[in-house]
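Dear colleague,

Here is the structure I said I would pass on. Please look it over alongside the notes below.

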Amino acid sequence: MSADPVLPSHRVHLDAGGNARLHPLARQAFLQAVDDGWSDPRRLYSESRRAATLLAGAREALAASLGARTGEIHLAPSHTVALHSAVAATVHGRRRTGSTVVVSAVERAVVLSAAGHAAASTDLVPVDRLGQVDVDRFTDAVAGPGIALAALQHSNGEVGTIQPVGQALDAARAAKVPLLVDAGAAVGHVAMDDSWDLLAADPADWGGPSGVGVLAVRQQVRWSPTWPDDPDRWFPGGVSVPAAFAAAVALQARDDERAATSARHRRLVDRLRTRIPQLVPDVEIVGPDVDRLPHVMTFSCLFVDGEALVTELDKAGFTVGSGSACASAATEPSHVLAAMGVLTHGNARIVLDDTTSDDDIERFLAALPVVVAHVRSNLGVDGL
């Protein structure tokens, strides 16, 4: 067996999309709930009632942050399951109305897959070169016959583009079609409004634990469970009480810190967007300068293999994503970048977390030109 590679002692985590470090308060909350909320919250004895109290408090806090009623909050095993169930249950519940799902071309892969599985047809709405959906085309699509559901992400976790969900909701409401908003990349990072009928959020993106997802469903949405009867008709079997409690605590903390953290992230990302093209030849910064998430950016390099770029940056002490933000282990070209009509190879996705410092960014900017030159040299491309 070969020895494990020796990695730099100082590691810089720049791949926090759905993969953020646990917030310190979330860690404390999780350990408290392990001690106090270990029992099944659906049973009747004292230990279970304590667990039920923690779970109810988590739902209430999540509802307050998301602008929902407590009864509209449903806890899933993951963000992926929340999105898949939202599509499947809504399409099934509205099958008498129609069986077509309207989606943007840059939705998360699970939404596109779920729509293709649950619906008879999918209407894919294009985006422009900045990744923003064609509002007029989206409006026309949801006004068509037989539409069961429309889905538009709040913002894209790969390039940061914020979508016009308010306009999309107006169009969907006029057509009496429910709108599913994937806010997995946005909650905890930007202020949320009530422009949704179903909303999915990802605690692992805001410093909560993995193993829990959040789905908010307005009471007027018609849906049909595809599971057997259970006290929780959306996600039978219950959810980890410690994970749910820690997720709620992390979101409250992020809400309190959001203004300062977002300002710092935006400043750091602006530095990256400005400096990378100055330091690295033949590079494209993807996505808009404005109307974007504060902590996300993607750039693409000509004459560079994306997998090799990620690997060499890892050796240098930097974790970044590449390819699709929702399938980062895949070597397939990103469907988001393809839909935008930009370079789909040699790309790196940077998502900052609470620990990212000015020094981390400067170290990355110093290392990147050397790494890119090395990758290009290995591919026989020199002198750029």
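In this predicted model, Ser-104 stands opposite Val-125 of strand E4. The two residues belong to a parallel pairing between strand E3 (residues 100-104) and E4 (residues 121-125), which is made over five bridges. Between these strands the chain passes through helix H4 (residues 109-118), and the resulting β-α-β crossover is right-handed.

Both strands are part of an open sheet of seven, ordered E2-E8-E7-E6-E5-E3-E4, in which the pairing is mixed. E4 and strand E2 (73-76) are the edge strands, each pairing on one side only. From one strand to the next, the twist averages 20 degrees. Further along the sheet, strand E5 (residues 147-151) and strand E6 (residues 179-182) run parallel and are joined by two bridges; Ala-150 has Leu-179 in E6 as its bridge partner.

Two helices on the sheet are worth noting. H4 packs on it with contacts to E3, E4 and E5, and its direction makes about 165 degrees with that of E3. Helix H3 (residues 79-93) lies across E2, E3, E5, E6, strand E7 (198-201) and strand E8 (213-217), and runs at about 155 degrees to E5.

Within H3 I looked at Ala-86. Is this residue, Ala-86, buried or exposed? Its relative accessible area is 1%, and the cut-off for buried is under 20%, so Ala-86 counts as buried. Leaving aside residues up to four places away in sequence, Ala-86 touches Leu-149, Leu-180, Leu-198, Leu-215 and Trp-234. Pro-236 lies 150 residues from Ala-86 along the chain, and their C-alpha atoms are separated by 14 Å.

The other element I went through is helix H8 (residues 306-315), whose buried residues are Gly-306, Leu-309, Glu-312 and Leu-313. Viewed down the axis of H8, these buried residues fall within an arc of 130 degrees, so they line one face of the helix. What do the buried residues of H8 pack against? Their partners are strand E11 (318-319), strand E12 (347-351) and helix H10 (358-378).

Both ends of H8 have a local feature to check. At the start of H8, a side-chain oxygen of Asp-305 comes to within 3.2 Å of the backbone nitrogen of Glu-307. Just after H8, Gly-317 adopts a positive phi of about 105 degrees.

Regards

Terms used
Residues are numbered from 1 along each chain as its sequence is written. This is a predicted model: local features need pLDDT of at least 70, side-chain atom pairs count only at pLDDT 80 or more; totals for chains, interfaces and linings use all residues. Side-chain values use heavy atoms; hydrogens and water are left out. Buried means under 20% relative accessible area, exposed over 50%, partly exposed in between (1.4 Å probe, protein chains only). Helices (H or I, at least four residues) and strands (E, at least two) are DSSP runs, numbered from the N terminus. The arc is that of the directions from the helix axis to the C-beta atoms. Contact means heavy atoms within 4.5 Å. A polar contact is a pair of N or O atoms within 3.5 Å; within protein, one must be able to donate a hydrogen and the other to accept it, and residues adjacent in sequence count only if both atoms are side-chain atoms. Two strands pair if DSSP finds at least two bridges between them. A crossover is right-handed if, with the strands pointing away from the viewer, the path from the first strand over the helix to the second runs clockwise. Axes are lines fitted to C-alpha atoms, for helices over the stretch in contact, and angles run from 0 to 180 degrees between N-to-C directions.
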